[in-house]
Every structure is written in C-alpha cells, then in structure tokens.
Amino acid sequence: IAYARGPIAEIARVTLPGVSWVQTDGTWVNIQQRAQRLKAGFLPEHDAKPSHAWLMDIASRLGVAYAW
C-alpha cells in the first residue's frame, strides 16, 4: 500500500493506491495522549483508500471478520 512512488513501490509486484495524511479524515492521539481531529485537505484520487480500508477489504475476501 503506497501513496507515492518510491524505491519499495518500484520493486513491488503489486501496489495498492493508498492515501497520504493530507487525504485522511480521522482522529489521531498525540504523544501527550490528546485526541486531535484531522480533516482531509485533498480528496483521494481514483481508487485510493486509507491503508486500514485496504487491509479490511483483503481480510474480508479471505473470510476474516473484524468486529470494529
């Protein structure tokens, strides 16, 4: 899962289009244990998804169900 071309993405056989932090909505907890709201500055392009969405899709296709 990659959001930009780099040395690892270049040698990978398969690369799934991920999103960078500026394309992500969510909540982060910083080192001081404070929750911080993050709103996307740009919409994801084409089929790009957050890494957790790709992992959930792959898991569900393999028959693994998660409760969250």
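I started with arginine 5: at 73% relative accessibility it counts as exposed (over 50% is exposed, under 20% buried, partly exposed in between, with a 1.4 Å probe and protein chains only). Its salt-bridge partner is glutamate 10, with the closest N and O atoms 3.3 Å apart. Glutamate 10 is partly exposed, at 48% relative accessible area.

Note to self: this is a predicted model, where local features need pLDDT of at least 70, side-chain atom pairs count only at pLDDT 80 or more, and totals for chains, interfaces and linings use all residues. Residues are numbered from 1 along each chain as its sequence is written, and side-chain values use heavy atoms, with hydrogens and water left out.

Next I counted salt bridges, taking a side-chain nitrogen of Lys or Arg within 4 Å of a carboxyl oxygen of Asp or Glu. The count comes to 2. Besides the arginine 5 pair, I found aspartate 57 with lysine 49, 2.2 Å from N to O. Aspartate 57 is partly exposed at 27%, and lysine 49 is partly exposed too, at 23%.

Then the hairpin. Strand 1 (residues 26-29) and strand 2 (residues 35-38) run antiparallel, joined by 4 bridges; strands pair here if DSSP finds at least two bridges between them. I took helices (H or I, at least four residues) and strands (E, at least two) as DSSP runs, numbered from the N terminus. Valine 29 has alanine 35 of strand 2 as its bridge partner. Between the strands sit 5 residues. In that loop I noted glutamine 33, which has a positive phi of about 60 degrees although it is not a glycine. Glutamine 33 is exposed, at 71% relative accessible area.

I also looked up histidine 46, in the loop between strand 2 and helix 2. Histidine 46 is not a glycine either, yet its phi is positive, about 50 degrees. Its relative accessible area is 79%, so I logged it as exposed.

Last, helix 2. Ala53, Trp54 and Ala59 are buried there. After the helix comes glycine 63, with a positive phi near 85 degrees. Tyrosine 66 lies in the segment after helix 2 (51-61) and is partly exposed at 42%. Tyr66 joins Ile58, Leu62 and Val64 in a nonpolar surface patch, with about 390 Å² of accessible area together (Shrake-Rupley, 1.4 Å probe; for residues, only the protein chains shown count as cover). Patch residues have over 30% relative accessible area and no salt bridge; like charges are joined within 9 Å, nonpolar side chains (Val, Leu, Ile, Met, Phe, Trp, Tyr) within 5 Å.
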